[in-house]
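Colleague: Could we go through this model together? I should like to begin with the strands and then turn to a helix pair.
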Amino acid sequence: MKEVIFVILEGFADWEGAYIATCLNQGVKPGNPISYKVKTLSITQEPVSSIGGFRVLPDYGLKDMVEDYAGLVLIGGMNWFSPEAELIVPLVEKAIKEKKLVAGICNASVFLGMHGFLNEVKHTSNTLNYLKQYAGDKYTGDSNYINEQAVRDENIVTANGTGQLEFCKEILYALEADTADAIEESYLFYKNGFCPGT
């Protein structure tokens, strides 16, 4: 069973990965097959606290991460603009080169833009102006920007900070975690709850 690595930095946005982790660890729908397991990675294996106050002990630090994994999910937060975030760049470069899933939400999508990873793929973020403001000169992908909650272009998935459900859905598609029907049903259940159409 391949691992999907959630990359978390201090002050990560805990809600942005919750649906993905549940669908991967427990099945897209209850009782459906499970093909992946979720692991966490940070710069070191020291505890990391989320915006909501959850303390997570990462499974991996940068020095002891496994080689064989299915993809990286970069969870948003304010520290994607910090010097420590730069240590993640080689990890992302390697994953893209190996055609693994690379997904970034909220400021993690901006981080991908800051390092030129979004210039040749369709993508989204926290508005184009926000992305351009914070990503700087290495971002030249304006023409590939799509104003949607989440966008998937082959193995690259991006989302804005309020698109966690859409982010989850596109990651499940990219990983072929279940059938299209199961993925859509799961998305609609989380989006609409038990009372759709009310």
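Modeller: The strand pairing comes first, followed by one helix contact.
Modeller: This is a predicted model, in which local features need pLDDT of at least 70, side-chain atom pairs count only at pLDDT 80 or more, and totals for chains, interfaces and linings use all residues. Residues are numbered from 1 along each chain as its sequence is written, and side-chain values use heavy atoms, with hydrogens and water left out.
Colleague: Is strand S1 mostly covered or mostly open?
Modeller: S1 (residues 2-7) is mostly covered, with five of its six residues buried, that is, under 20% relative accessible area with a 1.4 Å probe, protein chains only. Strands here are DSSP runs of E with at least two residues, and helices are runs of H or I with at least four, numbered from the N terminus.
Colleague: In which sense do S1 and S2 pair?
Modeller: S1 and S2 (residues 36-41) pair in the parallel sense over six bridges; pairing requires at least two DSSP bridges between two strands. Within S2, Lys39 is the bridge partner of Ile5.
Colleague: And what stands opposite Ile5 in S5?
Modeller: That is Leu72. S5 (residues 71-74) pairs with S1 in the parallel sense over four bridges.
Colleague: Now the helices: at what angle do H5 and H6 pack?
Modeller: H5 (residues 164-175) and H6 (residues 180-192) pack at about 170 degrees, their axes 10 Å apart; axes are lines fitted to C-alpha atoms over the stretch in contact, and angles run from 0 to 180 degrees between N-to-C directions. The two helices are therefore roughly antiparallel, a term for angles over 145 degrees.

Methods
Buried means under 20% relative accessible area, exposed over 50%, partly exposed in between (1.4 Å probe, protein chains only). Angles under 35 degrees count as roughly parallel, over 145 as roughly antiparallel, 65 to 115 as roughly perpendicular and the rest as oblique.
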